[in-house]
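Me: I would like a close look at a single part of this model. Please pick one residue, describe its surroundings, and then work outward to the rest of the chain.

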Amino acid sequence: MELLDENDQEAIHILYGLVVSVVKIVRGNEQILIVDDLDKEIQPINMDQTTTREAIRSIFVELGIEIAYSGKGSNEKGVVIDMDESRINEFGLDSDTIRFGQTVIRTDNLQKQIIGKTNELKDIDAKDLPTLIDRLIAMAINKS
């Protein structure tokens, strides 16, 4: 396995921070994830570039929750529009902690999220975004 370069490590840390935040929301420990820029580009390990918006959507989808975005700029938000309770329960999470219509993402251009770095992420190997997100979800669930 080759070592990740600095850009790959940064992308994985950003994704992991997003995964931890989403898991906290689904667990009911947090109500909302506030991000400064949903259009920010992320390019994890030899994968196609994606935006923070799509990465967050993918994390929720992997957990069995569909969100829709509405609004523009600092008024953009993500709202729960569908849930697969059995998928949520597969991760050992309680589907009753999240509800339809719940706003789970908001933008705030003034707030910057600081995502801590951890050595646990340096050896993650994945060839596609869903696999990477799945591995990061498992780590986040085990950590929180």
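Reply: The residue chosen here is Arg-53, which lies in helix 2. The model is a predicted one, so every statement below concerns predicted coordinates.

Arg-53 counts as buried because its relative accessible area is 15%, and the cut-off for buried is under 20%. Leaving out neighbours within four places in sequence, Arg-53 is in contact with Leu-38, Asp-39, Tyr-69 and Glu-76. Two of these carry a carboxyl group that pairs with the arginine, and they are taken in turn.

Asp-39 is one partner. Its salt bridge with Arg-53 has its closest N and O atoms 2.6 Å apart. The two residues come from distant parts of the chain: Asp-39 sits in the loop between strand 1 and strand 2, Arg-53 in helix 2, and 14 residues separate them. The side chains of Arg-53 and Asp-39 also make a polar contact, again at 2.6 Å. Asp-39 has a relative accessibility of 46%, so it counts as partly exposed.

Glu-76 is another partner. Here the salt bridge with Arg-53 has its closest N and O atoms 2.9 Å apart. This pair, too, links distant parts of the chain, since Glu-76 is in the loop between strand 4 and strand 5, 23 residues from Arg-53 in helix 2. Both Arg-53 and Glu-76 are buried.

For comparison, consider a pair inside one helix. The side chains of Arg-87 and Glu-90 meet in a salt bridge, with 2.8 Å from N to O. Arg-87 and Glu-90 are 3 residues apart in helix 3, and therefore separated by about one helical turn. An α-helix has 3.6 residues a turn, so residues three or four places apart point the same way. Arg-87 is partly exposed because its relative accessible area is 22%, while Glu-90 counts as exposed because its relative accessibility is 57%. Back at the starting residue, salt bridges with shared partners join Asp-39, Arg-53 and Glu-76 into one network. The structure holds 5 salt bridges.

Next comes the helix that carries the arginine. The buried residues of helix 2 are Thr-52, Arg-53, Ala-55, Ile-56, Ile-59, Phe-60 and Glu-62. After helix 2 comes Gly-64, with a positive phi near 95°.

Some of these helix residues lead into the nonpolar interior. In soluble globular proteins, nonpolar side chains tend to be buried together. The largest nonpolar core of this model has 41 residues, and Ile-56, Phe-60 and Ile-105 touch the most other members. Elements that give two or more residues to this core are helix 1, strand 1, helix 2, strand 4, strand 5, strand 6 and helix 4. Helix 1 contributes the most, with 11 residues.

Ile-105 shows how the core and the charged network meet. Beyond four places in sequence, the contacts of Ile-105 include Ile-56 and Phe-60, and among them is also Glu-76, along with Leu-38 and Tyr-69. Leu-38, Tyr-69 and Glu-76 are also in contact with Arg-53.

Ile-42, in strand 2, gives a view of another part of helix 2. Ile-42 counts as buried because its relative accessible area is 1%. Not counting residues up to four places away in sequence, Ile-42 touches Thr-52 and Ala-55, as well as residues including Ala-11, Ile-14, Leu-15 and Leu-18. Ile-42 and Asp-8 are 34 residues apart in sequence, and their C-alpha atoms are 9.3 Å apart in space.

Now the chain as a whole. Its secondary structure comes to 4 helices and 6 strands, in the order α-β-β-β-α-β-β-α-β-α along the sequence. Of its 144 residues, 44% are buried. Among contacts with a separation of 6 or more, 64% are between residues 24 or more positions apart. The accessible surface of the chain is about 7900 Å², and carbon and sulfur atoms account for 43% of that.

Finally, a word on confidence. The average pLDDT of the chain is 83, and 83% of the residues score at least 70. Residues 111–117 stay under 50, and the model has 10 contacts beyond four places in sequence for them. Where pLDDT is low, the predicted coordinates should not be read in detail.

Key: Residues numbered from 1 in each chain as written. Predicted model: local features only at pLDDT ≥ 70, side-chain atom pairs only at ≥ 80, totals over all residues. Heavy atoms only, no water. Core = buried A, V, L, I, M, F, W, Y, C linked by side-chain atoms within 4.5 Å. Buried < 20%, exposed > 50% of the residue type's maximum accessible area, 1.4 Å probe, protein only. Contact = heavy atoms within 4.5 Å. Areas by Shrake-Rupley, 256 points an atom, 1.4 Å probe, with all protein chains shown as cover. Salt bridge = Lys/Arg side-chain N within 4 Å of Asp/Glu carboxyl O. Polar contact = N/O pair within 3.5 Å; in protein donor to acceptor, adjacent residues only side chain to side chain. pLDDT = per-residue confidence, 0-100.
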